[in-house]
Amino acid sequence: MGATLRQRDNFRAVLLISPAYLWLLVAVFLPLSAMLFFSFLSEGPFGDGARQLVLQNYLEFFEKGFYSKLLWRSLKLGAVVTALCLLIGFPCAYVLAKTIKGRWREALFLLVILPFWSNSLVRIFSWAIVLRGNGVIDATLNKLLPFEVSVNLMFTYSAVVIGLVHSYLPYVILTSYLTLQAIDDSLIDAARSLGAPRRTILLRIILPLSLPGLVAGGVLVFVPVVGSFMEPRILGGRAGTFFGTVIEDQFVAVFNWPLGAALSFTLLAVVLLILAVASPVLKRAQ
Amino acid sequence: MKREFGLSIAAGLTAVLVAAGAQAAEIRVLNWNGYGTDLEWAVKAFEEKTGNSVVHDYFNSEQEMLTKLRTNPGAYDVVLINSAFTGQAEKEGLIQAIDTSGIANFADIAPNMATNPDLVPGGEVYGVAWTWGLTSFAINTDAVPTTPTSINVFWDEQYKGKIGWRDDALESVQFAALATGQDINDIKDLDAVKAKLAALMPQIKTFWSSENDWNQFMAAGDFVMAPYWSGSAARSIAKGLPVEFVVPDEGAIGWLDGLSIPTGSKNVDAARAFINYMIDPEFYVRWEAEGAPATANAKAAAALPDDSFNRTVLGNAEIVARVQFMQPVSEENRKAYLELWQELKANSQ
């Protein structure tokens, strides 16, 4: 009797879970495995040329020094953008969660999320207008200042960082906001009544309790930034060659899908490795 | 007697119908959309002249064009093929040799284009040279007061950080081949090309990817000179931008489009008449006013107004002699060029 009940429970669990897994299978696993298959082909999946399964595409990464150089460059970009997003996003989230109440909070929230609703290309092109020489920043500064300055950030590494930080900042603000809001105000009040200075409250209470949100936000930013290609291409100009743009070239410029796929999976492996190495730290944070 | 008379009438009628059929054919043209052959007034004028009607089908890439020819034998009568692909189409048996005796205007085509080895493989005409254009560079005339005569102006210290470029491996390698005095279709010293491009990197401000990009970046002062296409430069000039198209002493990269007749065409005569009309000066002068690439027909080029772009820049025989026409690029070379270019970009960061 007990066994049948257990069986029925199992059956129901499978029934309930299966849509989610089916979705994962169709939307994630199948396309990814197709790409994984392509990455071992000697020729692209077009035409009817002879194809073999080879490792050459992966070896290419190690044979050509510039691939690892670019990957390192992309990882550094990811680290810089993530750090900036955390530095800017956390205080913003704190102000939203703890200082501002009522209508204003809703209004500010809308401002944070608004860029999210606009197309990312539109956002990046707006930045191009702002950052360019004779652009908005340049013109405004020259109107205000008594002397001539020339601000032309367009087509520099800084422009790429600015565009990416703006694009991914909402992730950090939203995840931090959720954890910050869950912190009971009475904890802070108690600390204050016991004479703790602001710095101690921040470091011993608020930061540790909101760390899960910060970590989640950081991962959400780091992973896509390392593979980004659109922002570097538009804002970076000649300084905009990263691992992501090289992968894009393989797919859209020379139709070498196998090499492009192999480079993508190399990137995936490296990112997973980084997250695995960091996981003890990340786990403690949770 | 009566019956015989009736029969002969019927036979006569059939003969008339067949003759009319031969005269008023419907020819099917395969081309890029909006590329000359499908101009409404042109199709109408051709119909009035010859009684043949024209129907169009389009392709979006050279590969698509070849696929259409392979999978629909006999479906087309005229097809536009870039000279870099004519040889491949001929080898695959997709197009037929053209008897040029029925094409009166053929004699007026500039000799170097009419006999371009890619269009005339093995001495037989498989593509009639129609239009051509250049990939060279253009300058902002406000920022660069004297027109440069050498492609090496791109390496001039004076223009450091003021150069635009196109993020295209093949074009970059061919440009550097010109700058190092090599044949763009047979690059012997790839190391020299690499060194030349490595030296170019610090000069480059940004990459452009579309005509609109080019005009905007130039107008915003992001660059003062950059590689450009002749047709695009003509349009920029027509818009009133301070742009001049330069064909340096070292030469420029040329492309040549030809009109071919597919194997299995049922209206070869009408197709030849259509090709004849397409290279006719009367057609070209009107097309040029609406924005056309350069014509292969020397007589048509000579008939242009004196101030037209295609006459002043591309109609100059001395300039035409400097052009290196692009030949097919092997898959192997394409890969090697891309790798070279990516490595240079990566190392210049």
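Reader: How are strands β1 and β2 of chain B joined, and do they run parallel or antiparallel?

Author: Bear in mind that this is a predicted model. For a pair of strands, look at the bridges and the direction of the run. Here, β1 (residues 26-31) and β2 (residues 53-58) of chain B run parallel and are joined by 6 bridges. Going residue by residue, B:Arg28 sits opposite B:Val55 in β2(B), and B:Val29 has B:His56 as its bridge partner in that strand.

Reader: Through which helix does the chain cross from β1(B) to β2(B), and is the crossover right-handed or left-handed?

Author: Follow the chain out of one strand and into the other. The path from β1(B) goes through helix α2 (residues 40-50) of chain B before arriving at β2(B), and this β-α-β crossover is right-handed.

Reader: How many bridges join β1(B) to β3(B)?

Author: There are 2 bridges, and these strands run parallel. One residue to click on is B:Leu30, which stands opposite B:Val79 in β3(B).

Reader: Now a single side chain. Is B:Tyr76 buried or exposed?

Author: Check relative accessibility, where under 20% means buried. B:Tyr76 has 6% relative accessibility, so it counts as buried. You'll find B:Tyr76 in the loop between α3 (62-71) and β3 (78-82) of chain B.

Reader: Which residues does B:Tyr76 touch, leaving out those up to four places away in sequence?

Author: Among them are B:Arg28 and B:Leu30, the residues we just met in β1(B), along with B:Lys68, B:Leu69, B:Pro262 and B:Ser265. B:Asp57 is on the list too, and its side chain makes a polar contact with the side chain of B:Tyr76 at 2.6 Å. For a sequence-versus-space check, try B:Ala271: B:Tyr76 is 195 residues from it in sequence, yet 9.5 Å away in space, C-alpha to C-alpha.

Reader: Which residues of helix α8 in chain B are buried, and what do they pack against?

Author: In α8 (residues 211-219), the buried ones are B:Asp213, B:Trp214, B:Asn215, B:Phe217 and B:Met218. They pack against β5 (128-140), β7 (204-208), β8 (225-229), α9 (230-238) and β9 (243-246) of chain B. After the helix comes B:Gly221, with a positive phi near 80 degrees.

Reader: Over to chain A. At what angle do α3 and α11 pack?

Author: Two packed helices are described by the angle and the distance between their axes. In chain A, α3 (residues 65-99) and α11 (residues 243-253) pack at about 130 degrees, with axes 8 Å apart. They are therefore oblique to each other. A:Tyr67, A:Leu70, A:Leu71 and A:Ser74 of α3(A) make the contact with A:Phe243, A:Gly244, A:Val246 and A:Gln250 of α11(A).

Definitions and conventions. Residues are numbered from 1 along each chain as its sequence is written. Chains are lettered from A and ligands numbered from 1 in the order in which they are written. This is a predicted model: local features need pLDDT of at least 70, side-chain atom pairs count only at pLDDT 80 or more; totals for chains, interfaces and linings use all residues. Side-chain values use heavy atoms; hydrogens and water are left out. Helices (H or I, at least four residues) and strands (E, at least two) are DSSP runs, numbered from the N terminus. Buried means under 20% relative accessible area, exposed over 50%, partly exposed in between (1.4 Å probe, protein chains only). Contact means heavy atoms within 4.5 Å. A polar contact is a pair of N or O atoms within 3.5 Å; within protein, one must be able to donate a hydrogen and the other to accept it, and residues adjacent in sequence count only if both atoms are side-chain atoms. Two strands pair if DSSP finds at least two bridges between them. A crossover is right-handed if, with the strands pointing away from the viewer, the path from the first strand over the helix to the second runs clockwise. Axes are lines fitted to C-alpha atoms, for helices over the stretch in contact, and angles run from 0 to 180 degrees between N-to-C directions. Angles under 35 degrees count as roughly parallel, over 145 as roughly antiparallel, 65 to 115 as roughly perpendicular and the rest as oblique.
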